[in-house]
Amino acid sequence: MAGSLVLAACLGPRADMSAFYVLSVPPEPTAQDSLPVVLGLGPVTLPGYLDRSQIVIRMSENQVALAEWDRWAEPLDENILRVLEQNLVRLLPGSSYTAFPWYDAAGPDYGVAIEIGRFEADTLGHVVLDATWVVSRGDELIQVGSSLIEETSSGPARVETVAAQSRALARMSGEIAAAVRRAHARSRPASTPDS
């Protein structure tokens, strides 16, 4: 009987040690010129190994592991999309946003779709963001860009590596914002001198 009670105690409920994390927006960058455009954001596509609640750790080029207790507080694609919008609000002041999918009648000036190939930290806190993004205007393809961004966290603790992932996402947001500005500059009609 005593042995059964000990076994039951060992097999009883354990305390939930889960910790939940979200990507964040780094401090505001240098002020930019206003750009009053409407951007359509999405979709954000993730590889299957990242599309889960557990945070993924890169062990080697051919091996990943799932953090047992560390989890994303919301689906990672939604978190990326939300933080991307917040970053672009700061980088493109005066702009507004609509989420994918949108209807042609109320379509945005530019659409931005992102395909994530890799987005995780290794055991030392080294972060890699590898993504392809597309800027389009209606059916017209404006630019296909690739971002391969590396960030080193201040330590291997999960809160530090997630902060480094946030910085990597901010750098990619800057590349996308620059592409939108170039596209908008090209689309404006050239001014003609007064006759």
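**Figure 1. Salt bridge between Glu120 and Arg118.** In this predicted model, Glu120 pairs with Arg118 through a salt bridge whose closest N and O atoms are 2.6 Å apart. Glu120 counts as buried because its relative accessibility, 1%, falls under the 20% cut-off. Arg58 belongs to this group as well: salt bridges that share partners join Arg58, Arg118 and Glu120 into one network. Over the whole model, the count of salt bridges is seven.

**Figure 2. Lining of the largest cavity.** Glu120 appears again in this view, as one of the residues that line the largest cavity. The other lining residues are Leu50, Gln54, Ile55, Val56, Trp72, Leu76, Phe119 and Gln165. The space inside is about 40 Å³, and the count of cavities of 30 Å³ or more is one. Which strands supply at least two residues each to the lining? They are strand S3 (54-60) and strand S6 (110-122). Strand S3 gives the most, with three residues. By residue class, the lining divides into six nonpolar, two polar and one charged. Glu120 is the charged residue, because Asp, Glu, Lys and Arg are the types counted as charged.

**Figure 3. Salt bridge between Glu151 and Arg167.** The closest N and O atoms of Glu151 and Arg167 are 3.2 Å apart, and the two residues form a salt bridge. This pair links distant parts of the chain, with Glu151 in strand S8 (residues 140-152) and Arg167 in helix H3 (residues 158-187), 16 residues apart. Is each partner buried or exposed? Glu151 is buried, with a relative accessible area of 14%, whereas Arg167 is partly exposed at 31% relative accessibility. The two fall into separate classes because buried means under 20% and partly exposed covers the range from there to 50%.

**Figure 4. Salt bridge between Glu151 and Arg171.** Glu151 also meets the side chain of Arg171 in a salt bridge, at 3.1 Å from N to O. Arg171 lies in helix H3 and Glu151 in strand S8, so this pair ties together parts that are 20 residues apart in sequence. Arg171 has a relative accessible area of 41% and is therefore partly exposed. Glu151 thus has salt bridges to Arg167 and to Arg171.

**Figure 5. Aromatic pair of Phe100 and Trp102.** A search of the whole structure finds one aromatic pair. Its members are Phe100 and Trp102, with 5.5 Å from centre to centre and 90° between the planes. The arrangement counts as edge-to-face because the angle is over 60 degrees. Both rings belong to partly exposed residues: the relative accessible area is 45% for Phe100 and 25% for Trp102.

**Figure 6. Pro36 and Ser96.** Pro36 is found in the loop between strand S1 (19-21) and strand S2 (38-45). At 64% relative accessibility, Pro36 counts as exposed, the cut-off for that class being over 50%. How far apart are Pro36 and Ser96 in sequence and in space? They are separated by 60 residues in sequence and by 7.4 Å in space, from C-alpha to C-alpha.

Key
Residues are numbered from 1 along each chain as its sequence is written. This is a predicted model: local features need pLDDT of at least 70, side-chain atom pairs count only at pLDDT 80 or more; totals for chains, interfaces and linings use all residues. Side-chain values use heavy atoms; hydrogens and water are left out. On a 1 Å grid over the protein atoms alone, a cavity is a set of points where a 1.4 Å probe fits but cannot get out, and a pocket is an open set with protein on both sides within 12 Å along at least five of seven lines; lining residues have an atom within 4 Å of a point. Grid points are joined across faces, edges and corners, and a volume is the space filled by probe spheres set on the points. Helices (H or I, at least four residues) and strands (E, at least two) are DSSP runs, numbered from the N terminus. A salt bridge is a side-chain nitrogen of Lys or Arg within 4 Å of a carboxyl oxygen of Asp or Glu. Buried means under 20% relative accessible area, exposed over 50%, partly exposed in between (1.4 Å probe, protein chains only). Rings of Phe, Tyr and Trp (its six-membered ring) pair if their centres lie within 6.5 Å; planes under 30 degrees apart count as stacked, over 60 as edge-to-face and the rest as tilted.
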